[in-house]
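Please look over the sequence and the model below, and then read the short report that follows, which goes from the inside of the chain to its surface.

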Amino acid sequence: ELSAVSAAMAKKLLSELHLDDEDVAPDELEDKKITRLVQVLRSVQFKAPDGSCLSPLGEYNLNLGIRKVMEPEYVATARDRIGACDGHPFLVEAAVSLGGPVIKEGLTVVRFANRIPLLFEGGADV
């Protein structure tokens, strides 16, 4: 069962593909039908997956954690809306802090994914 495909949308997709039988096995599709299927699926705007499986830290807790550990003079936090990549929901939460007693020369970047610190490599793509 696909969470972003309702029964109504499935019927609409079947009608656009001119498939009368809902129980057609993929290996029974002809090449033309497979090509048409790809075209139809690329043209449909699917609803993004539900982000209820995510457990965001939240801006308040992120701010509180940064203040407790780093003791900075300034903290700014932001949270983006839930997005999806290849059908997987994700959420970006970020914080920037300036000053404090534990500052070092230069820039320190700390990245977390699923609340686990990641090794940061300058210039590396995420």
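## The nonpolar core

In this predicted model, the largest nonpolar core consists of 7 residues, namely Leu13, Leu14, Leu17, Leu19, Leu29, Val40 and Val44. One of these core residues, Leu19, can be followed a little further: when its neighbours within four places in sequence are left aside, Leu19 is in contact with Leu14, Leu29 and Lys33. Of these partners, Leu14 and Leu29 are themselves listed in the core.

## The chain as a whole

The chain contains 3 helices and 6 strands, and, read from the N terminus on, its elements follow the order α-α-α-β-β-β-β-β-β. Among the contacts between residues at least 6 apart in sequence, 48% join residues that are at least 24 apart.

How much of the chain is buried? Of the 126 residues in the chain, buried residues make up 13%. The chain exposes about 10600 Å², and carbon and sulfur atoms supply 55% of this area.

## Helix α3 and a buried asparagine

Helix α3 covers residues 59-70, and Asn63 lies in this helix. Is Asn63 buried or exposed? Asn63 has a relative accessible area of 18%, and because buried means under 20%, Asn63 counts as buried.

The side chain of Asn63 makes a polar contact with the side chain of Arg67, at 2.8 Å. Apart from its neighbours within four places in sequence, Asn63 is also in contact with Val75 and Thr77.

## A nonpolar patch on the surface

Val69, Met70 and Val102 form a nonpolar patch on the surface, and together they have about 270 Å² of accessible area. Val69 has its place in helix α3, and Met70 is found in helix α3 as well. Val69 counts as exposed because its relative accessibility is 62%, where the cut-off for exposed is over 50%. Met70, at 35% relative accessibility, counts as partly exposed.

Which residues does Met70 touch, not counting residues up to four places away in sequence? Met70 touches Gly100, Pro101 and Val102, and the last of these is also a member of the patch. Although Met70 and Val102 are 32 residues apart in sequence, they are 6.4 Å apart in space, C-alpha to C-alpha.

## A positive phi at Glu71

Glu71 has a positive phi of about 50 degrees, although Glu71 is not a glycine. At 48% relative accessibility, Glu71 counts as partly exposed, so it falls under the 50% that an exposed residue must exceed.

## A glycine in strand β2

Strand β2 is made up of residues 83-85, and Gly83 is found in this strand. Gly83 is buried, with a relative accessible area of 16%, a value that lies under the 20% cut-off. Not counting residues up to four places away in sequence, Gly83 touches His88, Pro89 and Phe90.

How many residues apart in sequence are Gly83 and Gly51? They are 32 residues apart in sequence, while in space the two glycines are 8.1 Å apart, C-alpha to C-alpha.

Definitions and conventions:
Residues numbered from 1 in each chain as written. Predicted model: local features only at pLDDT ≥ 70, side-chain atom pairs only at ≥ 80, totals over all residues. Heavy atoms only, no water. Core = buried A, V, L, I, M, F, W, Y, C linked by side-chain atoms within 4.5 Å. Buried < 20%, exposed > 50% of the residue type's maximum accessible area, 1.4 Å probe, protein only. Contact = heavy atoms within 4.5 Å. Patch = residues over 30% accessible without salt bridge, like charges linked within 9 Å, V, L, I, M, F, W, Y side chains within 5 Å. Areas by Shrake-Rupley, 256 points an atom, 1.4 Å probe, with all protein chains shown as cover. Salt bridge = Lys/Arg side-chain N within 4 Å of Asp/Glu carboxyl O. Helix = DSSP H or I, 4+ residues; strand = E, 2+ residues; numbered from the N terminus. Polar contact = N/O pair within 3.5 Å; in protein donor to acceptor, adjacent residues only side chain to side chain.
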